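Welcome! Here is a short briefing to read beside the sequence and the 3D view.

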Number of protein chains: 2
Amino acid sequence: MEQQIIDQTLTRIRAALEAGQVEEAIAALSALHPADRAEAYTELDDDHQAEVLPRLDVESTAELLEELEDEEAVEAAAILPPERLADVLDEMEPDDAADVLGDLSPEQAATVIAQMDDEQKEDVVPLLAYEDDTAGGLMTPDVPHLRRQWTCQQAIDHLRQLHPDTETPYYLYVIDRNGKLIGIVGLRDLIIADPSTTVEAVMNRKVISVPVGTDQEEVARLFTKYGLLAVPVADAEGRFIGVIHNDDIVEVIEEEAAEDLYRLSNVADSDLQVFSPVKMSIQRRLPWLLVNLGTAFLAASVVSLFETTIAQLAVLAVFQSIVAGQGGNAGTQTLAMMVRGLAVGEIEFRDAWRAMAREAGIGIIHGAIVGMCVAIGAYLWKGIPMLGVVIGLAMVGNMIAAGIAGTLVPLTLKALKLDPALASAVMVTTVTDCVGFGLFLGLATLFLPYLK
Amino acid sequence: MEQQIIDQTLTRIRAALEAGQVEEAIAALSALHPADRAEAYTELDDDHQAEVLPRLDVESTAELLEELEDEEAVEAAAILPPERLADVLDEMEPDDAADVLGDLSPEQAATVIAQMDDEQKEDVVPLLAYEDDTAGGLMTPDVPHLRRQWTCQQAIDHLRQLHPDTETPYYLYVIDRNGKLIGIVGLRDLIIADPSTTVEAVMNRKVISVPVGTDQEEVARLFTKYGLLAVPVADAEGRFIGVIHNDDIVEVIEEEAAEDLYRLSNVADSDLQVFSPVKMSIQRRLPWLLVNLGTAFLAASVVSLFETTIAQLAVLAVFQSIVAGQGGNAGTQTLAMMVRGLAVGEIEFRDAWRAMAREAGIGIIHGAIVGMCVAIGAYLWKGIPMLGVVIGLAMVGNMIAAGIAGTLVPLTLKALKLDPALASAVMVTTVTDCVGFGLFLGLATLFLPYLK
């Protein structure tokens, strides 16, 4: 339904722009929910974007930039004159404004910051120091906080006085005189409490907070595990400096999951999309194809050791890929479970040997069953009984190799503080290709007299 | 840090149980945050679980069951006598209680339900009718709501009177006399407003709600897109019947992302883990290995067509896998981007031809570069110039096939209302294997005189 509305609005906007009625186009775009507005804006071609954006009002533009993907937001920011962009950034959530500024060139950023509102500048500039993918890069600094000695009535009055644009989270944070977080209070607890009770009496002292440098993946894990709506962030001295909200973390969870999927599929970056620029697409994909090519030559060199055998019995070339390929598939299965298990904290280093033994054991069972099927298939097809035996044995061996490589490769990467998904598919399939070709063709060479 | 605490607690619990001091074990377990408690409980062996669980107090047990994975919660429920389980379910969130009941046998469930508290029964029983993976299966029915003609003061008084265990969400829902949802109010808006204003005057009429049968993936998409904290659920008549909270949806997002990862890696179910029972592991993985085996025989039969050529020139067997494998890798890259793009709604059917043309075009570029590298490598290694030409041409052709299959396979599955990730990896690599072997060996047969 929302897609229909977006499509209809796009038709109206395009028609209006072709007819020179920019005001009508802008009215149509502004009427959409900010998330839909961002989607529609992205679909417009460059000329239409350049025509519409500078005439959209400041608040709608701010909402639009908050919703756009990072690169798109920067492109949009480039369309706006610096003073206009400064006004727009003043209206944005500080964390989103910092993301836009962080992606501009340092000179551009400086020009725009100089023209921003002082209060917003104070919130936004410190955020520029934090990496995008850490707690600091995700947090909103502009969070109302309470003092423990206040009464609940005073706390409520304080909330009433805040600028209406301030986002009031479901949790309120209580700090001591040194700025340290000492408790949290739900809005409802404040309402329900006797107005003269102190905040200290109703607050919950068990607060989960994260240091400002925490990696976003770890923040996401805490959110998921403890079912949080928001998590407070502390600086090196333990002072309360901001809050990460659920909506920012949902994006992170999706990003991290996409990253695992992409890396296991040999795509370098999770921000790559089918319609990304061709140059970017090739930059992110070609290097992995070339790495794979190197390992493919390695596997080919194993086959090359047995060229004389193959020259005597060409049917081996028909079956070599089955043994290698099945090992690769089994290895990929193990890898997917390991990468996932490591990401959500289900698997720890102390489980390493147990996991490996288990996957190797499952490899024996899979190898025996799959090997039996191939053996029967090969015999029925080619009529050589011994060929079935050789394939079956090689299959069992390669499935064991798949289980071992599928567990050890991601664990080793993790131990080296690298992403367990990074390049692990290449490494595992290299192992299963080499072992598969080597075992099958090696056994075939041994038993050659019985195969002809 | 949390892992340390869990490990220390586990050591204490085990020591206490061995020494027969069950009370001490229970005290240690109860002191943990419910999420950590669930993690520790899962680590205990069956005897220890059976010893501890029946003596844990009702509230701690309820928290534990809410945090456990579905299968673990059912196992835990089986340890408890029916009347105890009924007490525990009374304390749980209705959606979690329904999940546990739904996994019991119908007789067991009936026995337990009969002993539950009437009020909780009323909330929980209707939930049993909904599928786990729909909006109905995710929602909490027990949500306070307001009437439009109330004043803000009346609304606040109403919230004060609610049972303190009732979860008060950040949003409050306003319904009309027919139970239809007509607006939402933030808690803060209620506090800030003049106490005599009506709820109608402060409520927001633009409410995003979902029908009770909506698939959880669609619900998750709405949450992410619109940055929601909660979404109301409506029945077939449009009546407000519950709310889905953010913490339930975060789990769904992780589940759906894991599902894509698993399916692209040929594992049937995303609930499979490295330490799942061996029988379950084989049931979920072996069928895919056997499907792959069928397609591997298909690819092998393509190789078999050229056995006479290979018998004359065994070096072809060395290179055939490089051409097929590189195509498979490129196809997997395209597939990962397509599956992701379809999941988050970046790619629509109308983009099909554009996406295919684009990926085929990138395939030509990748094929030309990778083909050139292989051609040079093959010439340097084996000293046959024409071999390089044949490999290079086959590589370009197979990369184009990879781009086309990588886009069309997931789009076709989606058009058939199937999961685009389901079995698509098998299908794409079957195409690239067959095309790769066929093109390379076919061209080699054509140019055989120049290769020897």
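Helices α3(B) and α5(B) are roughly perpendicular to each other, because their angle falls in the class that runs from 65 to 115 degrees (under 35 counts as roughly parallel, over 145 as roughly antiparallel, and the rest as oblique). This is a predicted model, in which local features need pLDDT of at least 70 and side-chain atom pairs count only at pLDDT 80 or more, while totals for chains, interfaces and linings use all residues. Residues are numbered from 1 along each chain as its sequence is written, and chains are lettered from A and ligands numbered from 1 in the order in which they are written.

**The crossing of α3 and α5 in chain B**

- Helix α3 (residues 34-43) of chain B packs against helix α5 (residues 58-67) of chain B at an angle of about 75°, and their axes are 8 Å apart.
- Helices here are DSSP runs of H or I with at least four residues, strands are runs of E with at least two, and both are numbered from the N terminus.
- Axes are lines fitted to C-alpha atoms, for helices over the stretch in contact, and angles run from 0 to 180 degrees between N-to-C directions.
- On the α3(B) side, B:Pro34, B:Ala35, B:Arg37, B:Ala38 and B:Tyr41 meet B:Glu63, B:Leu64, B:Glu66 and B:Glu67 of α5(B); two residues are in contact if their C-beta atoms, placed from the backbone, lie within 7 Å.
- Sorted by class, this contact has five nonpolar, no polar and four charged residues.
- In these classes, Ala, Val, Leu, Ile, Met, Phe, Trp, Tyr, Cys and Pro count as nonpolar, Asp, Glu, Lys and Arg as charged, and the others, Gly among them, as polar.

**A second helix pair in chain B**

- α17(B) and helix α22 (residues 424-446) of chain B pack at about 10°, with their axes 8 Å apart.
- That angle makes α17(B) roughly parallel to α22(B).
- Residues of α17(B) in this contact include B:Val291, B:Asn292 and B:Thr295, and those of α22(B) include B:Val426, B:Thr430 and B:Asp433.
- The contact of α17(B) with α22(B) has nine nonpolar, four polar and one charged residues.

**How the two chains come together**

- Chain B is superposed on chain A by a rotation of 180° with 0.1 Å of shift along its axis, giving an RMSD of 0.1 Å; the fit is by least squares on the C-alpha atoms of residues with pLDDT of at least 70 in both copies.
- The two copies are thus related as by a two-fold rotation axis.
- Chain B and chain A each bring 86 residues to the contact.
- α19(B) gives the most to the side of chain B that touches chain A, with 20 residues.
- That side of chain B divides into 53 nonpolar, 21 polar and twelve charged residues.
- The copies meet through the same surface, because 100% of the interface residues of chain B are also interface residues in chain A.

**Domains of chain A**

- Chain A is divided into domain 1 (2-134), domain 2 (145-249) and domain 3 (278-451), with bounds that come from an automatic or database domain assignment.
- The C-alpha centres of domain 1 and domain 2 of chain A lie 30 Å apart.
- Four residues of domain 1 of chain A are in contact with six residues of domain 2 of chain A.

**A sheet in chain A**

- Three strands form an open sheet in the order β1-β2-β3 (chain A), with mixed pairing; two strands pair if DSSP finds at least two bridges between them.
- β1 (145-147) and β3 (181-186) of chain A stand at the edges with a single partner strand each, so one side of each has no neighbour in the sheet.
- From one strand to the next, the twist averages 35°.
- Strand β2 (residues 171-175) of chain A pairs with β3(A) in the antiparallel sense over five bridges.
- Facing partners include A:Ile175, which stands opposite A:Leu181 in β3(A), and A:Tyr173, whose bridge partner in β3(A) is A:Ile184.
- The hairpin of β2(A) and β3(A) has five residues between the strands, and A:Gly179 there takes a positive phi near 85°.

**A sheet in chain B**

- Another open sheet of three strands, with mixed pairing, has the order β4-β5-β6 (chain B).
- β4(B) and strand β5 (residues 230-234) of chain B run parallel and are joined by two bridges.
- The bridge partner of B:Val210 in β5(B) is B:Val233.
- α15(B) lies across β4, β5 and β6 of chain B, running at about 140° to β5(B).
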